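The exercises below are meant to be worked with the sequence and the structure side by side. Please try each task before reading its solution.

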Number of protein chains: 2
Amino acid sequence: MRVHQSTRELRVGSEAVGTEQRQPVMADVAKLAGVSHQTVSRVLNGAPHVRPDTRERVLAAIRELDYRPNSAARALVTRRSQTLGVVSFDSTLYGPASMLDGIERAARSAGYFVSVANLRSLDSRSVQEAVDRLRDQGIEGVVVIAPQTSAVSAVARLSSAIPIVAVGSGTQPRVPMVSVDNSSGAQAATRHLLDLGHRTVHHLAGPPGWQESQDRRDGWRRVLEAAGAPVPPVESGDWSARSGYEAGLRLAEQAEVTAVFCANDHMALGLLRALHEAGRSVPGDISVVGFDDIPEAGYFTPPLTTVRQDFSELGRRALELLVAELAGATHPRTHVQIPPEMVLRRSVGPAARR
Amino acid sequence: MRVHQSTRELRVGSEAVGTEQRQPVMADVAKLAGVSHQTVSRVLNGAPHVRPDTRERVLAAIRELDYRPNSAARALVTRRSQTLGVVSFDSTLYGPASMLDGIERAARSAGYFVSVANLRSLDSRSVQEAVDRLRDQGIEGVVVIAPQTSAVSAVARLSSAIPIVAVGSGTQPRVPMVSVDNSSGAQAATRHLLDLGHRTVHHLAGPPGWQESQDRRDGWRRVLEAAGAPVPPVESGDWSARSGYEAGLRLAEQAEVTAVFCANDHMALGLLRALHEAGRSVPGDISVVGFDDIPEAGYFTPPLTTVRQDFSELGRRALELLVAELAGATHPRTHVQIPPEMVLRRSVGPAARR
DNA sequence: CACGTAATTGTTAGCGCTCACAAGATGCCT
DNA sequence: AGGCATCTTGTGAGCGCTAACAATTACGTG
């Protein structure tokens with residue numbers, strides 16, 4: 001008798017001793033139920049052709065032993081880990097956090113676990129690294145919360161290796177993607193302002209390099225041009241309230257500014273603050289529109305008119321796409337676009353007579 | 001020759017055919033490097049006693065084949081998945097999201113993956129379910145972002161099975177925990193207001209059932225009592241700006257209110273809004289202090305004086321604790337408390353002369 | 001230069017599960 | 001009653017890796 005063997009026997013044999021708290025395995029269940037391990041496996045996996053009373057006996061044994069299948073063993077043989085990866089930029093922000101939330105929920109109900117990786121920057125290398133790391137863990141697919149252009153192309157470059165879906169924004173023909181229709185949201189916001197009699201609309205854009213920034217700016221510009229309104233120079237920030245405040249200070253100095261479309265709500269908050277400090281009333285002197293509709297937007301001073309995007313829906317849809325791809329839908333090069341929706345509140349008014 | 005065997009041989013043999021894109025395994029690396037698979041394993045795991053040139057040869061083979069160790073196989077034999085679980089309440093909120101972020105970062109640098117589970121409610125059953133699910137996946141430990149009292153006790157009840165650390169708040173002697181010192185934060189805020197000459201301080205508390213609500217309320221009350229100030233009835237909300245707004249409407253009607261300590265910043269935002277609508281100026285008529293110091297707090301109207309808690313630090317510390325426990329630190333029934341810090345801005349002023 | 005010691009590499013046996021196949025049991029039809 | 005299809009259960013192998021042990025080689029030292 002070899003040592004290994006005997007060790008094993010000993011442990012199995014010493015069950016009654018009690019000190020050896022070995023987790024029960026399938027064989028234990030099988031023995032207790034008086035069937036083969038394969039039958040236990042069948043019950044566990046819902047295979048057909050198991051006699052009802054046999055199934056019952058097995059289930060009882062499972063309950064009695066509090067048996068839990070070993071997922072590593074299963075993953076080893078099936079080559080499926082039931083785990084998906086999410087790489088995200090700054091999941092501290094409301095948008096990414098909500099998307100992650102939506103993704104996780106959808107994943108869970110589809111029977112998957114989700115493993116996360118947060119990035120500080122979305123450059124090609126970081127994304128690559130994160131995805132590699134996740135792959136090493138054996139995840140089956142990845143959703144990248146990738147609002148930055150660079151990230152999207154980084155994703156496109158490695159997309160061959162493993163199923164990937166991007167969410168947030170961007171236009172990369174090679175990667176399935178779900179995003180809000182930023183352009184149409186921006187257009188709606190701008191048109192709304194124009195309709196109220198504003199001669200033109202200023203824009204506080206997001207940082208360069210972000211697809212969202214670009215799409216929203218493009219939408220804004222398109223409406224202005226279509227309406228024959230002058231296109232003022234673009235201010236831009238980094239999404240933070242702070243940057244919105246700074247831009248606001250600059251905008252407040254320009255007497256001709258009567259309407260501003262901000263690329264997100266946080267910047268709009270900062271802008272509101274700056275305008276207030278500069279003694280410019282909103283919406284009396286200047287109208288402001290945001291983007292996102294964060295839960296607090298209705299409690300700004302004044303309550304913010306904004307463009308709502310449904311982040312969790314975004315996450316959910318992205319996950320659906322990924323699951324479909326995993327199930328064999330041969331690379332659906334889809335680009336799902338979700339329409340945003342304007343939420344009217346009190347930060348917008350008719351143009352001041354001048 | 002048995003069928004299984006021959007299938008395998010066939011696949012290995014047909015490498016050159018190219019259609020069979022089998023992932024390289026350790027044996028392939030071994031063959032290419034001219035060593036045994038065990039030596040490859042040694043190189044991979046940094047075992048001593050491998051001759052430098054052998055190591056080099058192995059590494060070269062790994063690179064050439066783009067070999068990636070199979071984590072399931074490794075987990076099966078080592079019984080370690082290198083994965084930790086995080087169960088969180090509403091990771092859409094700034095606090096939980098930041099903690100998750102901190103946890104993930106710390107976990108990564110400690111060589112762990114993190115698998116998340118978001119809950120809609122923190123009742124005992126949900127927590128139990130989430131932890132069980134995570135366990136089935138084979139995670140080695142769990143950190144529960146558990147601000148609710150009920151969750152904490154739920155955690156305590158199941159803590160025997162698997163290493164668990166709680167983060168957020170609560171006092172459960174049986175579970176290691178890291179939290180901000182809510183009471184001392186609340187005390188500082190209240191004292192600050194009193195020192196400015198306010199006769200007393202009103203309190204807008206968080207929802208019942210949350211440890212944080214309770215601790216902050218207790219801290220507030222203690223200072224009031226110590227100072228001999230009257231203890232006004234407590235308003236409470238559900239952390240949202242909306243609930244803060246509603247409470248604010250009620251508070252605005254009471255002429256004697258000159259100072260309010262809010263249990264979080266979002267409610268303070270709503271309160272500010274309500275006060276503004278009611279024509280009560282802040283800080284002229286009423287001073288307001290929040291709790292959290294969310295990134296936007298400095299851009300409220302007016303900028304909010306608040307108590308800052310370092311969420312990512314919280315997450316980081318929780319993870320440290322968990323890792324220590326995994327490493328064998330025999331159940332450190334620690335309760336790490338992190339001191340919060342007051343951030344002075346413009347929502348607070350001296351008591352109005354009346 | 002024989003010999004003990006340490007360094008280096010290889011061999012074997014599983015980890016706990018599912019898959020492919022085989023075999024026995026059962027039922028139904030002619 | 002025989003034969004065939006179907007249901008039900010069992011057997012054996014192997015997923016890719018690490019741990020334990022064995023074997024070989026290299027290196028000083030008396």
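**Exercise 1. Describe how helix 12 of chain A is placed against the strands of chain A, and at what angle to strand 8.**

Solution. In this predicted model, helix 12 of chain A lies across strand 6, strand 8 (259–262) and strand 9 of chain A, and its direction makes an angle of about 150° with strand 8 of chain A. The next step is to place these strands in their sheet, which is open, has 4 strands in the order 7-6-8-9 (chain A), and shows parallel pairing. Its edges are formed by strand 7 (235–236) and strand 9 (287–289) of chain A, each of which pairs on one side only. Strand 6 (residues 202–205) of chain A is joined to strand 7 of chain A by 2 bridges in the parallel sense, and within this pairing Leu204(A) has Glu235(A) of strand 7 as its bridge partner.

**Exercise 2. Find which elements of chain A supply the side that touches chain B, and which of them gives the most.**

Solution. Begin with the extent of the contact, to which chain A and chain B contribute 36 residues each. On the side of chain A, at least two residues come from each of helix 5 (71–78), helix 6 (94–109), strand 2 (113–118), helix 7 (124–136), helix 11 (241–253) and helix 12 (265–277). Helix 6 of chain A gives the most, with 6 residues. By residue class, the side of chain A that touches chain B comprises 14 nonpolar, 14 polar and 8 charged residues. Finally, consider strand pairing between the chains: strand 2 of chain A and strand 2 (residues 113–118) of chain B run antiparallel and are joined by 3 bridges, with Val114(A) standing opposite Val116(B).

**Exercise 3. Determine which residues come nearest to DNA strand C, and which elements form the surface near it.**

Solution. There are 29 residues around DNA strand C, and those that come nearest are Met26(A), Ser41(A), Ala73(A), Ser36(B) and Gln38(B). Two or more residues of this surface are given by each of helix 1 (3–13), helix 3 (37–44) and helix 5 of chain A, and likewise by helix 3 (37–44) and helix 5 (71–78) of chain B. The largest share, 5 residues, belongs to helix 5 of chain A, an element that also supplies at least two residues to the side of chain A that touches chain B. In composition, the surface near DNA strand C has 12 nonpolar, 13 polar and 4 charged residues.

**Exercise 4. Locate the cis peptide bonds that precede Pro283(A) and Pro283(B).**

Solution. As background, most peptide bonds are trans. In chain A, the bond from Val282(A) to Pro283(A) is cis, with omega near 5°, and Pro283(A) sits in the loop between helix 12 and strand 9 of chain A. In chain B, the bond from Val282(B) to Pro283(B) is cis as well, with omega near 5°, and Pro283(B) belongs to the loop between helix 12 (265–277) and strand 9 (287–289) of chain B.

**Exercise 5. Are Asp66(A) and Arg79(A), which have a positive phi, buried or exposed?**

Solution. Asp66(A), although not a glycine, has a positive phi of about 55°, and it lies in the loop between helix 4 (52–65) and helix 5 of chain A. Since a residue counts as exposed at 12 or fewer C-beta neighbours within 10 Å, Asp66(A), with 9 such atoms, is exposed. Arg79(A), also not a glycine, has a positive phi of about 65° and is found in the loop between helix 5 and strand 1 (83–88) of chain A. With 12 C-beta neighbours inside 10 Å, Arg79(A) counts as exposed.

Conventions
Residues numbered from 1 in each chain as written. Chains lettered and ligands numbered in written order. Predicted model: local features only at pLDDT ≥ 70, side-chain atom pairs only at ≥ 80, totals over all residues. Contact = placed C-beta atoms within 7 Å. Nonpolar A, V, L, I, M, F, W, Y, C, P; charged D, E, K, R; others polar. Pairing = 2+ DSSP bridges. Near = placed C-beta within 6 Å. Axes fitted to C-alpha atoms, helices over the stretch in contact; angles between N-to-C directions. Buried ≥ 20, exposed ≤ 12 C-beta atoms within 10 Å, placed from the backbone.
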